[in-house]
Amino acid sequence: LLLVTECRGILDNNQRFSSLPTYLRVSYRIFSAETSFFLKEANQDFMRNSSLQSRVESFFPYKAKRPPILNASYGPFSVEQVVPQDLMLTSNFFGSANKFTYNWKLKAYIMSDKIYLSKPKVQVLFYIVGRDWDDYSTTERLPCLRVFAFRETREVRGSCRLKGDLGLCVAELELLPSWFNPPTVVTGRKKPPDQFEGSPVELYYTIQPGDEKGECTAEDIRKGNAIRPGKDGMDEAMSHLQRIGSVSLYRGQETSQLTELRLDSNIVVWLPSKPVKQGEVVNVYVTVANNSTVDQFILRAKVKKGVNILSAKTSDPRQWDVKQEVGNGGKHSTTTVICQRIAPSSRNRSNSLFNEVVQMNFEIASFSSLSGTQPITWQVEYPRKGTTEITLSEIFICQKDLVGIVPLAMDMEILNTAILTGKTVAVPIKVVSIEENSAVTDISESVECKSSDEDVIKVSDRCDYVFVNGKEMKGKVNALVNFTYQYLSAPLQITVWVPRLPLQIDISDTELSQIKGWRVPVVSNKRPTRDSDDEDEDERKGRGCTLQYQHAMVRVLTQFVAEDSSPWGQLSYLLGSDWQFDITDLVTDFMKLEDPHIAKLQEGRILIGREVGMTTMQVLSPLSDSILAEKTVTVLDDKVTITDLGVQLVAGLSLFLQPSAASSRAIVATTIAQELLHTPKQEAVVSTWIQFSDSSVTPLDIYDSKDFSLSAVSLDEAVVSIHQNSALKWPVVAAEGEGQGTLIKVDMMISEACQKSKRKSVLAVGNGNIKVKFGQNDADSDTGGDYDADEIENHASDRRHKVSDQERYGQDGRYYGSSSAEREEGTIRKVSSTAKSVIKNKVIKNNRLDGGKLPDDSQLQNIPIDFTNFPAQVDLPKGNAGMEENDLVQTPRGLSDLEIGMYALLGVFCLAILVFLINCATFALKYRHK
């Protein structure tokens, strides 16, 4: 009891706490995903990772063409599982495509939101976003789309089938003439719409599979009437309808759109903005500003061959007198129009800004330009005032009736990792035109493009892709890139996520000390360490050894953000503001320590002290001299001792997957070590953590295996035996007979090269718990088999409380359970380690460990590490009866050489004092006798 009180007092008074709780040192890896991240949740439960038997890790598959596979491994044991599609929220809309559609999304574009009675047709273009255009097969069967237009109690339907490498189609809806009439019933106090506003019509779509030939069926998949309330099946039908948007209906004719061409401050020419066909007549209107005092001017126009100059007519004979002269040349034709005001202005144009003077007519006879345009040059001359500069205009000529253009992006998001890696991230772009007959044409080679903000996103010169190269300053939601084709233009909206700067460097312990008693061989390139204690002088220099420094684990975190479209530019977060992404693998090549003599960084994951001092860890920009993140690291002059050794026996692994309660896109993985040995000679390995006197805890396997050795002793040879496998660096436990309890004793010793005597220097001692029951597999065990949500939470937080709740199953065969913290609710996918699940979930679990290998040093650096911002709390034992299973426990350790010498010297002093006292007593007796 005194020991427990004393240790807790040390924890309370010590200002340095480790930010790393204890957990099973399992290595997680994600395969078959183009982009994925391990996550750290800001408010994650600290008790989630506080047991040597389990590890809980959240991850996020961002981009994947195939179902991702999560692998968990420790030493020779490995377990993996394909992430179920229901955990990834994969849309089942594209089920007929026979593809993995995790990143697929359906995008809809309404070609024109103004529909006139003269052209009562609605066109909607659909295409799939997130689908790889190169991964296209002619036998691929994409689903059909059925489109609905609703007005009051009436509906109109249309359909199309997605196809081609772009996965697109255009659906048409022919609206009834009666729909353009004012509404017959006006609900509530809403006033009838003005004729200039138009009548709104809502558009919806639903997805249905095609028939055997891939064609859309005429059968309506909706059950009941979706627009008449009170009918059976309405709710079921409406649940399948997805809203597209709305269009406005107008009874009048579509007004011709004109483009303004200002020649000077007085004269403005109005030309048609839409293209004309060969043989049509183009009307050009010449106007004078309403506030102009010009009474006479001469207008000259020059056209190329293929354009015939027709008549020029005065728009108001009572105000202006107009005379025209035409001159025909070889390649050009010219016309001169002389305009003379004969009366003051009496009426204005409808906009009251210009007075129409003359109407000029041109006939498009032919065109030879590759761009499909005919230029007209204009010049104005004023008597006694000179001429103006030449102004150029273009008449667009097209034999097709184009409705619009649509830029298509393979993906609607860009994750700007170029800021971290210096490698360009690009998204392919194609631009298509849509005609009135719904024909689609690829016009990517003929368009022009421009980014609205190159500090967010850039576009290539050929307009075939948008990209980020790391020089961007910010991210943005729905950043705009504008595309132009002749007179048509359309914006592309794409969201750009950027890492939030500065990045966060998360270090498990920023203050490193020497470890007393742990001597390691001096490497040739290692500078000698400074040590002021005379008693340790022999430890530093003798036999070419020096004291080991503490190690710490490192990872780099960030959030991906984008500014929204509001005037204040508020930040939007990928996944949410509570999530941070582990980007250590992306920036490993750009991490460095300012002074490598004080500390060094190993593979971007392990921080190792080398010499007393202070330095800064930095993450540098790959494209400039800027620093993306930095954190101070201190190597102290004091020494710490190893106080505890935590031991966990691992006989196999079980993996569970479940959705995160905080985000629908994040997935939580839990791996649990199995302690049960159920066959003779089945073997297990050890997982160890060490605790220091400064209250920090660290896994032992981040230290170089050449700097220490582990030996194990069986406390009951009839139950388990211990041997050292040549293929493994640490001791191996083998089952001999049935039994359970604390049967393994593990000693941690310094390396052989630094042993100063035949008696080996033991740094720490730990005990391991194991259970052996032949014929009982893990599924029948209460420590390594099936768990519901309650049991997983308990094993991941506090192993002292065993949960015996009966497993609950739903009709779909899933596991259900309520968490004690109500944060781990949801479906739990279990990876069984029995032979029944070998086909689905590959579990490597050898009874003999000859063929397995523990991860070497290079592999250990790539292990994802779980950090939190809470101090480690270690339960100390209250006695043998209350000792926790495999948690960090207070265990007796062997005496060091220094302690043996001190005790021997003390014994000699005691013996000398005793001899002196005997001598004094003898002398006193003789003197008294005399």
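This passage looks at the cysteines of the structure and how they pair up. The model is a predicted one, and it holds three disulfides.

Going along the chain, there is a link between C160 and C169, with an S to S distance of 2.1 Å. Both of these cysteines are buried.

Another disulfide pairs C449 with C463, and here the S to S distance is 2.0 Å. The torsion about the S-S bond of C449 and C463 comes out at about -90°, so this disulfide is left-handed. C449 sits in strand β29 (residues 448–451), while C463 falls in the loop between β30 (458–459) and β31 (465–468), so the bond ties together parts that are 14 residues apart in sequence. The two ends are not equally covered: C449 is partly exposed at a relative accessible area of 21%, whereas C463 is buried at 3%. The cut-off for buried is under 20%, so the 21% of C449 puts this residue in the partly exposed class.

Then there is the pair C545 and C754, whose sulfur atoms are 2.0 Å apart. This link is left-handed too, with -95° about the S-S bond. C545 belongs to strand β36 (residues 545–549) and C754 to the loop between β55 (739–750) and β56 (762–772), so the disulfide ties together parts that are 209 residues apart in sequence. Both C545 and C754 are buried.

Two further cysteines are worth a quick mention. C910 counts as partly exposed, at 45% relative accessibility, and C920 is also partly exposed, with a relative accessible area of 35%.

Key. Residues are numbered from 1 along each chain as its sequence is written. This is a predicted model: local features need pLDDT of at least 70, side-chain atom pairs count only at pLDDT 80 or more; totals for chains, interfaces and linings use all residues. Side-chain values use heavy atoms; hydrogens and water are left out. A disulfide is a pair of cysteine sulfur atoms within 2.5 Å. Buried means under 20% relative accessible area, exposed over 50%, partly exposed in between (1.4 Å probe, protein chains only). Helices (H or I, at least four residues) and strands (E, at least two) are DSSP runs, numbered from the N terminus.
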